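Me: I have a new model open and have not looked at it before. Can you walk me through some parts of it?

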Amino acid sequence: MGLTSQTFLLVLALIAAAVCVLVLWLWPRAARKGPFAVAGRVGLLVLTQAAILAVLLVAANNEFGFYSTWNELLGRASSKQVLQPGTAGGKRPPALTVKGQESIGLKGTREKAGQVDRIEIRGPVTGLSMDGYAYLPPEYFQKEHEKEKFPVVVAITGQPGVSKNLITQLKIPQVASSAIMKKEIRPTIYVLVRPSVVADRDTNCTDVPGGPQALAFFNQDLPLAVTDVYRADDAPGSWGAVGNSTGGYCALKLPMTNPARYGAAAGLSADYFARQDSKTGDLYAGSKAYKNENDLTWRLEHLPPPPVSLLVGTSKNEDNYGPSLKFAQKAKPPLKVDKLVRDEGGHNFQTWREEYPVVLKWLDKELKDQAARNGGQ
(Lines give C-alpha, C1' and ligand atoms only; values in the text may rest on other atoms or scores of the structure.)
Protein backbone atom coordinates (compact mmCIF):
# COMPACT_ATOMS: atom_id res chain seq x y z
CA MET A 1 0.00 0.00 0.00
CA GLY A 2 1.58 3.27 -1.16
CA LEU A 3 2.53 5.93 1.38
CA THR A 4 0.58 8.61 -0.51
CA SER A 5 -2.41 6.49 -1.53
CA GLN A 6 -5.87 7.59 -0.42
CA THR A 7 -6.56 3.97 0.57
CA PHE A 8 -3.74 4.07 3.12
CA LEU A 9 -5.05 7.33 4.56
CA LEU A 10 -8.58 5.88 4.78
CA VAL A 11 -7.33 2.73 6.51
CA LEU A 12 -5.40 4.84 9.04
CA ALA A 13 -8.48 6.99 9.68
CA LEU A 14 -10.61 3.88 10.29
CA ILE A 15 -7.98 2.46 12.64
CA ALA A 16 -7.83 5.76 14.53
CA ALA A 17 -11.62 5.81 14.85
CA ALA A 18 -11.59 2.21 16.11
CA VAL A 19 -8.87 3.07 18.63
CA CYS A 20 -10.91 6.01 19.95
CA VAL A 21 -13.99 3.80 20.37
CA LEU A 22 -11.89 1.15 22.10
CA VAL A 23 -10.36 3.70 24.47
CA LEU A 24 -13.81 5.07 25.38
CA TRP A 25 -14.94 1.53 26.13
CA LEU A 26 -11.86 0.68 28.21
CA TRP A 27 -11.58 3.99 30.08
CA PRO A 28 -14.13 3.22 32.84
CA ARG A 29 -12.29 -0.04 33.51
CA ALA A 30 -9.02 1.86 33.93
CA ALA A 31 -10.56 4.50 36.22
CA ARG A 32 -9.27 2.89 39.40
CA LYS A 33 -6.61 3.67 41.95
CA GLY A 34 -3.15 2.22 41.89
CA PRO A 35 -0.06 2.33 39.65
CA PHE A 36 -1.36 -0.24 37.15
CA ALA A 37 -4.56 1.72 36.56
CA VAL A 38 -2.59 4.97 36.10
CA ALA A 39 -0.22 3.22 33.66
CA GLY A 40 -3.24 1.88 31.81
CA ARG A 41 -4.78 5.33 31.44
CA VAL A 42 -1.48 6.78 30.24
CA GLY A 43 -1.15 3.95 27.73
CA LEU A 44 -4.67 4.55 26.42
CA LEU A 45 -3.97 8.26 26.00
CA VAL A 46 -0.68 7.57 24.19
CA LEU A 47 -2.41 5.05 21.92
CA THR A 48 -5.14 7.56 21.06
CA GLN A 49 -2.69 10.38 20.38
CA ALA A 50 -0.46 8.14 18.25
CA ALA A 51 -3.40 7.00 16.10
CA ILE A 52 -4.67 10.55 15.54
CA LEU A 53 -1.15 11.89 14.92
CA ALA A 54 -0.51 9.19 12.32
CA VAL A 55 -3.60 10.27 10.39
CA LEU A 56 -2.61 13.95 10.56
CA LEU A 57 0.98 13.27 9.46
CA VAL A 58 -0.07 11.14 6.48
CA ALA A 59 -2.69 13.73 5.47
CA ALA A 60 -0.07 16.51 5.68
CA ASN A 61 2.38 14.42 3.64
CA ASN A 62 -0.27 13.86 0.96
CA GLU A 63 -1.03 17.58 0.88
CA PHE A 64 2.54 18.88 0.72
CA GLY A 65 4.40 15.95 -0.83
CA PHE A 66 7.28 15.63 1.66
CA TYR A 67 7.81 11.91 0.94
CA SER A 68 6.42 9.95 -1.98
CA THR A 69 7.48 6.39 -1.05
CA TRP A 70 8.26 4.31 2.02
CA ASN A 71 11.91 4.20 0.93
CA GLU A 72 12.13 8.00 0.96
CA LEU A 73 10.51 8.14 4.42
CA LEU A 74 12.96 5.57 5.79
CA GLY A 75 15.95 7.26 4.13
CA ARG A 76 16.70 4.41 1.75
CA ALA A 77 17.72 5.05 -1.85
CA SER A 78 14.86 4.14 -4.17
CA SER A 79 15.68 5.94 -7.41
CA LYS A 80 17.00 3.62 -10.10
CA GLN A 81 20.20 4.78 -11.69
CA VAL A 82 20.86 2.85 -14.88
CA LEU A 83 23.81 3.70 -17.08
CA GLN A 84 23.06 2.57 -20.64
CA PRO A 85 26.26 2.54 -22.69
CA GLY A 86 25.89 2.46 -26.42
CA THR A 87 27.56 0.04 -28.75
CA ALA A 88 29.77 1.00 -31.66
CA GLY A 89 27.57 1.71 -34.63
CA GLY A 90 24.46 0.88 -32.59
CA LYS A 91 21.44 3.05 -31.95
CA ARG A 92 20.85 4.37 -28.46
CA PRO A 93 17.50 3.24 -27.02
CA PRO A 94 15.00 6.04 -26.29
CA ALA A 95 15.78 7.79 -23.02
CA LEU A 96 12.09 8.34 -22.24
CA THR A 97 9.41 5.72 -21.65
CA VAL A 98 5.69 6.53 -21.62
CA LYS A 99 4.20 4.42 -18.83
CA GLY A 100 0.57 5.37 -19.42
CA GLN A 101 -1.75 8.34 -19.12
CA GLU A 102 -2.80 10.27 -16.04
CA SER A 103 -6.50 11.06 -15.72
CA ILE A 104 -6.86 14.60 -14.37
CA GLY A 105 -10.26 15.61 -15.70
CA LEU A 106 -9.27 17.73 -18.70
CA LYS A 107 -12.38 19.08 -20.38
CA GLY A 108 -12.65 17.12 -23.61
CA THR A 109 -10.83 14.51 -25.66
CA ARG A 110 -7.09 14.68 -26.21
CA GLU A 111 -7.74 16.37 -29.58
CA LYS A 112 -9.71 19.05 -27.71
CA ALA A 113 -7.91 19.41 -24.37
CA GLY A 114 -4.63 17.51 -24.60
CA GLN A 115 -3.24 14.59 -22.64
CA VAL A 116 -0.98 13.94 -19.64
CA ASP A 117 1.52 11.07 -19.97
CA ARG A 118 3.27 9.37 -17.08
CA ILE A 119 6.91 9.17 -18.08
CA GLU A 120 10.25 7.80 -16.94
CA ILE A 121 13.48 9.49 -18.04
CA ARG A 122 16.70 7.47 -18.12
CA GLY A 123 19.65 9.77 -18.67
CA PRO A 124 22.14 8.51 -21.28
CA VAL A 125 24.69 11.14 -20.17
CA THR A 126 24.51 10.96 -16.36
CA GLY A 127 22.99 7.51 -15.86
CA LEU A 128 20.34 9.04 -13.59
CA SER A 129 16.63 8.29 -13.78
CA MET A 130 13.47 10.16 -12.83
CA ASP A 131 9.70 9.69 -13.05
CA GLY A 132 7.49 12.59 -14.05
CA TYR A 133 4.69 13.71 -16.34
CA ALA A 134 4.34 15.32 -19.75
CA TYR A 135 1.37 17.39 -20.87
CA LEU A 136 0.80 17.31 -24.63
CA PRO A 137 -1.42 20.05 -26.12
CA PRO A 138 -4.49 19.15 -28.23
CA GLU A 139 -2.76 20.23 -31.46
CA TYR A 140 -0.21 17.47 -30.89
CA PHE A 141 -2.94 14.94 -31.78
CA GLN A 142 -4.67 16.86 -34.56
CA LYS A 143 -4.18 15.73 -38.13
CA GLU A 144 -3.40 19.18 -39.47
CA HIS A 145 -0.53 19.57 -36.97
CA GLU A 146 0.89 16.06 -37.18
CA LYS A 147 4.28 17.21 -38.51
CA GLU A 148 4.71 20.24 -36.28
CA LYS A 149 7.18 20.53 -33.43
CA PHE A 150 6.21 22.27 -30.21
CA PRO A 151 8.06 24.46 -27.71
CA VAL A 152 8.75 22.88 -24.33
CA VAL A 153 8.46 24.23 -20.78
CA VAL A 154 10.06 22.23 -17.96
CA ALA A 155 8.13 22.76 -14.69
CA ILE A 156 9.96 21.86 -11.48
CA THR A 157 8.32 21.50 -8.09
CA GLY A 158 9.89 22.35 -4.73
CA GLN A 159 12.02 20.20 -2.43
CA PRO A 160 10.99 18.03 -0.73
CA GLY A 161 8.20 17.37 -3.14
CA VAL A 162 6.87 15.06 -5.82
CA SER A 163 6.21 15.86 -9.45
CA LYS A 164 2.51 15.10 -9.01
CA ASN A 165 2.21 18.29 -6.93
CA LEU A 166 2.48 20.16 -10.23
CA ILE A 167 -0.79 18.49 -11.23
CA THR A 168 -2.73 18.18 -7.98
CA GLN A 169 -1.62 21.39 -6.24
CA LEU A 170 -0.46 23.81 -8.94
CA LYS A 171 -2.68 22.38 -11.72
CA ILE A 172 -0.26 23.25 -14.52
CA PRO A 173 -1.75 20.92 -17.17
CA GLN A 174 -5.23 22.19 -16.36
CA VAL A 175 -4.15 25.85 -16.58
CA ALA A 176 -2.18 25.24 -19.79
CA SER A 177 -5.00 23.29 -21.43
CA SER A 178 -7.51 26.03 -20.69
CA ALA A 179 -5.19 28.78 -21.95
CA ILE A 180 -4.35 26.84 -25.14
CA MET A 181 -8.01 26.14 -25.87
CA LYS A 182 -8.74 29.88 -25.45
CA LYS A 183 -5.74 30.66 -27.71
CA GLU A 184 -4.16 32.73 -24.95
CA ILE A 185 -0.88 30.83 -25.35
CA ARG A 186 0.64 28.69 -28.09
CA PRO A 187 0.40 24.88 -28.02
CA THR A 188 3.29 23.83 -25.79
CA ILE A 189 4.61 20.62 -24.24
CA TYR A 190 4.98 20.83 -20.44
CA VAL A 191 7.35 18.40 -18.71
CA LEU A 192 6.61 18.11 -14.98
CA VAL A 193 9.40 16.89 -12.70
CA ARG A 194 10.91 17.24 -9.22
CA PRO A 195 14.24 19.03 -8.61
CA SER A 196 16.19 16.15 -7.04
CA VAL A 197 17.64 13.46 -9.30
CA VAL A 198 18.09 10.98 -6.43
CA ALA A 199 15.52 10.04 -3.84
CA ASP A 200 17.65 10.37 -0.72
CA ARG A 201 19.52 13.61 -1.45
CA ASP A 202 18.61 17.21 -2.24
CA THR A 203 20.92 17.92 -5.18
CA ASN A 204 19.72 21.49 -5.94
CA CYS A 205 20.24 21.05 -9.69
CA THR A 206 23.98 21.04 -9.10
CA ASP A 207 26.70 18.85 -10.60
CA VAL A 208 28.07 17.52 -7.33
CA PRO A 209 31.80 16.76 -7.54
CA GLY A 210 32.12 12.99 -7.25
CA GLY A 211 28.32 12.74 -6.90
CA PRO A 212 25.08 13.07 -8.89
CA GLN A 213 25.39 15.28 -11.95
CA ALA A 214 22.03 16.95 -11.42
CA LEU A 215 22.55 20.01 -13.62
CA ALA A 216 23.77 17.85 -16.50
CA PHE A 217 20.61 15.78 -16.14
CA PHE A 218 18.40 18.84 -16.69
CA ASN A 219 20.64 20.46 -19.30
CA GLN A 220 21.45 17.36 -21.33
CA ASP A 221 19.56 14.20 -20.40
CA LEU A 222 16.08 15.66 -20.09
CA PRO A 223 16.14 17.44 -23.49
CA LEU A 224 17.57 14.31 -25.14
CA ALA A 225 14.84 12.18 -23.58
CA VAL A 226 11.97 14.49 -24.54
CA THR A 227 13.15 14.90 -28.15
CA ASP A 228 13.65 11.12 -28.41
CA VAL A 229 9.92 10.51 -28.07
CA TYR A 230 7.97 13.74 -28.56
CA ARG A 231 7.85 16.26 -31.41
CA ALA A 232 9.68 18.88 -29.39
CA ASP A 233 11.20 21.99 -30.91
CA ASP A 234 14.98 21.89 -30.73
CA ALA A 235 15.68 25.37 -32.10
CA PRO A 236 18.04 27.52 -29.98
CA GLY A 237 16.26 29.04 -26.99
CA SER A 238 12.96 27.29 -27.72
CA TRP A 239 12.66 25.73 -24.28
CA GLY A 240 11.51 27.41 -21.09
CA ALA A 241 11.57 26.51 -17.40
CA VAL A 242 9.48 27.39 -14.39
CA GLY A 243 9.58 26.34 -10.77
CA ASN A 244 8.68 27.18 -7.20
CA SER A 245 11.02 27.34 -4.19
CA THR A 246 14.00 25.03 -4.88
CA GLY A 247 12.43 24.33 -8.26
CA GLY A 248 12.50 28.07 -8.91
CA TYR A 249 16.25 28.18 -8.29
CA CYS A 250 16.64 25.26 -10.70
CA ALA A 251 14.45 26.89 -13.34
CA LEU A 252 16.43 30.15 -13.29
CA LYS A 253 19.70 28.23 -13.33
CA LEU A 254 18.92 26.37 -16.57
CA PRO A 255 18.92 29.32 -19.02
CA MET A 256 21.78 30.93 -17.11
CA THR A 257 23.94 27.85 -17.72
CA ASN A 258 22.46 26.57 -20.99
CA PRO A 259 21.02 29.52 -22.99
CA ALA A 260 21.39 27.57 -26.23
CA ARG A 261 18.52 25.34 -25.02
CA TYR A 262 16.53 27.40 -22.51
CA GLY A 263 15.51 30.86 -23.67
CA ALA A 264 13.35 31.91 -20.73
CA ALA A 265 12.56 30.89 -17.16
CA ALA A 266 10.50 31.94 -14.15
CA GLY A 267 11.39 31.35 -10.51
CA LEU A 268 8.58 31.70 -7.95
CA SER A 269 9.68 32.25 -4.33
CA ALA A 270 13.08 31.08 -5.51
CA ASP A 271 16.45 30.99 -3.82
CA TYR A 272 19.36 32.40 -5.78
CA PHE A 273 21.94 30.01 -4.39
CA ALA A 274 21.93 26.35 -3.38
CA ARG A 275 21.48 26.04 0.36
CA GLN A 276 23.54 23.31 2.03
CA ASP A 277 22.19 21.24 4.92
CA SER A 278 21.98 17.65 6.11
CA LYS A 279 19.81 16.75 3.11
CA THR A 280 22.22 18.16 0.52
CA GLY A 281 25.59 17.28 1.97
CA ASP A 282 28.60 19.07 0.51
CA LEU A 283 27.56 20.19 -2.96
CA TYR A 284 30.84 21.90 -3.83
CA ALA A 285 33.63 19.67 -2.48
CA GLY A 286 34.68 22.57 -0.27
CA SER A 287 35.44 24.82 -3.25
CA LYS A 288 34.46 28.46 -2.77
CA ALA A 289 34.97 29.13 -6.49
CA TYR A 290 32.58 26.35 -7.45
CA LYS A 291 30.08 27.53 -4.84
CA ASN A 292 30.20 31.00 -6.40
CA GLU A 293 29.50 29.56 -9.85
CA ASN A 294 26.25 28.11 -8.49
CA ASP A 295 25.21 31.42 -6.92
CA LEU A 296 22.94 33.06 -9.49
CA THR A 297 23.46 36.62 -8.22
CA TRP A 298 27.24 36.12 -8.22
CA ARG A 299 26.99 34.98 -11.84
CA LEU A 300 25.24 38.23 -12.80
CA GLU A 301 27.96 40.23 -11.10
CA HIS A 302 30.99 38.36 -12.46
CA LEU A 303 30.12 36.48 -15.66
CA PRO A 304 28.91 37.63 -19.09
CA PRO A 305 25.09 37.85 -19.07
CA PRO A 306 23.32 35.27 -21.24
CA PRO A 307 20.81 36.43 -23.90
CA VAL A 308 17.74 35.07 -22.09
CA SER A 309 14.63 36.35 -20.30
CA LEU A 310 13.98 35.65 -16.61
CA LEU A 311 11.03 36.34 -14.31
CA VAL A 312 11.34 36.42 -10.52
CA GLY A 313 8.19 36.04 -8.45
CA THR A 314 8.00 37.24 -4.86
CA SER A 315 5.83 39.09 -2.35
CA LYS A 316 6.71 41.90 0.03
CA ASN A 317 6.43 39.67 3.08
CA GLU A 318 8.59 36.81 1.73
CA ASP A 319 12.17 36.12 2.75
CA ASN A 320 13.29 36.23 -0.87
CA TYR A 321 11.83 39.70 -1.53
CA GLY A 322 15.10 41.58 -0.99
CA PRO A 323 17.26 39.01 -2.81
CA SER A 324 14.80 39.04 -5.75
CA LEU A 325 15.05 42.82 -6.11
CA LYS A 326 18.83 42.61 -5.88
CA PHE A 327 18.96 39.88 -8.51
CA ALA A 328 16.81 41.88 -10.92
CA GLN A 329 18.89 45.02 -10.28
CA LYS A 330 22.11 43.21 -11.25
CA ALA A 331 20.79 42.20 -14.69
CA LYS A 332 22.58 43.65 -17.71
CA PRO A 333 21.71 43.32 -21.42
CA PRO A 334 21.28 41.07 -23.27
CA LEU A 335 19.80 39.46 -20.15
CA LYS A 336 16.35 40.71 -19.16
CA VAL A 337 14.82 40.17 -15.72
CA ASP A 338 11.14 40.95 -15.11
CA LYS A 339 9.52 40.95 -11.68
CA LEU A 340 6.17 39.62 -10.45
CA VAL A 341 5.70 41.27 -7.04
CA ARG A 342 2.67 40.76 -4.80
CA ASP A 343 1.72 42.84 -1.77
CA GLU A 344 0.84 39.63 0.08
CA GLY A 345 1.66 36.00 -0.50
CA GLY A 346 3.45 33.12 1.12
CA HIS A 347 5.78 30.27 0.41
CA ASN A 348 2.87 27.97 -0.36
CA PHE A 349 0.84 26.27 -3.10
CA GLN A 350 -2.03 28.78 -2.96
CA THR A 351 0.28 31.69 -3.80
CA TRP A 352 2.02 29.83 -6.64
CA ARG A 353 -1.28 28.48 -7.98
CA GLU A 354 -2.53 32.06 -8.33
CA GLU A 355 0.67 33.09 -10.11
CA TYR A 356 0.89 30.29 -12.67
CA PRO A 357 -1.73 31.60 -15.16
CA VAL A 358 0.23 34.86 -15.43
CA VAL A 359 3.58 33.07 -15.55
CA LEU A 360 2.61 30.68 -18.34
CA LYS A 361 1.51 33.61 -20.50
CA TRP A 362 4.76 35.42 -19.76
CA LEU A 363 6.78 32.33 -20.73
CA ASP A 364 4.82 31.94 -23.95
CA LYS A 365 5.48 35.54 -24.96
CA GLU A 366 9.19 35.38 -24.15
CA LEU A 367 9.72 32.08 -25.98
CA LYS A 368 7.82 33.43 -28.96
CA ASP A 369 10.09 36.48 -28.96
CA GLN A 370 13.12 34.21 -28.73
CA ALA A 371 11.89 32.26 -31.74
CA ALA A 372 11.45 35.48 -33.71
CA ARG A 373 14.97 36.63 -32.85
CA ASN A 374 16.33 33.26 -33.92
CA GLY A 375 14.50 33.34 -37.24
CA GLY A 376 11.64 31.04 -36.25
CA GLN A 377 7.91 31.62 -36.12
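Reply: What follows is a short chat about strands, a surface patch, some backbone details and a helix.

Me: What kind of model is it, and how are residues numbered?

Reply: This is a predicted model, where local features need pLDDT of at least 70 and side-chain atom pairs count only at pLDDT 80 or more, while totals for chains, interfaces and linings use all residues. Residues are numbered from 1 along each chain as its sequence is written, and side-chain values use heavy atoms, with hydrogens and water left out.

Me: OK, strands. Is S2 largely enclosed or open?

Reply: Strand S2 covers residues 115-122, and seven of its eight residues are buried, so S2 is largely enclosed by the rest of the structure. Buried means under 20% relative accessible area, exposed means over 50%, and partly exposed is in between, with a 1.4 Å probe and protein chains only. Strands (E, at least two residues) and helices (H or I, at least four) are DSSP runs, numbered from the N terminus.

Me: Which strands does S2 pair with?

Reply: S2 pairs with strand S1 (residues 96-101) in the antiparallel sense, over five bridges. It also runs antiparallel to strand S3 (residues 129-136), with eight bridges joining the two. Two strands count as paired if DSSP finds at least two bridges between them.

Me: Which residues face each other there?

Reply: Leu96 has Ile121 in S2 as its bridge partner. On the other pairing, Ile119 stands opposite Gly132 in S3.

Me: And how many residues sit between the strands in the hairpin of S2 and S3?

Reply: Six residues lie between the strands, and Gly127 in this hairpin takes a positive phi near 80°.

Me: Any residues other than glycine with a positive phi?

Reply: Asn204 has a positive phi near 50°, and Cys205 has one of about 50°. Most residues other than glycine have a negative phi, and most peptide bonds are trans.

Me: Where is Asn204, and is it buried or exposed?

Reply: Asn204 is in the loop between strand S5 (189-193) and helix H7 (214-229). Its relative accessible area is 4%, so Asn204 is buried. Cys205 is in the loop between S5 and H7 too, and is buried with a relative accessible area of 1%.

Me: You mentioned trans bonds. Which residues are joined by a cis peptide bond?

Reply: Gln159 and Pro160 are joined by one, with omega about -5°. Pro160 is in the loop between strand S4 (152-156) and helix H5 (165-168). Another cis bond joins Pro333 and Pro334, with omega about 10°. Pro334 is in the loop between helix H11 (321-329) and strand S9 (336-342).

Me: Back to H7. Where is its kink?

Reply: The kink is at Asp221, shortly before the proline Pro223, and is about 35°. The bend at a residue is the angle between axes fitted to the seven residues ending there and the seven starting there.

Me: Which residues of H7 are buried?

Reply: They include Asp221 and Pro223, as well as Phe217 and Phe218.

Me: New topic: which residues form the nonpolar patch on the surface?

Reply: Ile52, Leu53, Leu56 and Leu57 form it, with about 370 Å² of accessible area together. Patches are made of residues with over 30% relative accessible area and no salt bridge, where like charges are joined within 9 Å and nonpolar side chains (Val, Leu, Ile, Met, Phe, Trp, Tyr) within 5 Å. A salt bridge is a side-chain nitrogen of Lys or Arg within 4 Å of a carboxyl oxygen of Asp or Glu. Accessible areas come from the Shrake-Rupley method with a 1.4 Å probe, and for residues only the protein chains shown count as cover.

Me: What about Leu53, where is it?

Reply: Leu53 is in helix H2 (residues 35-64). At 46% relative accessibility, Leu53 counts as partly exposed.
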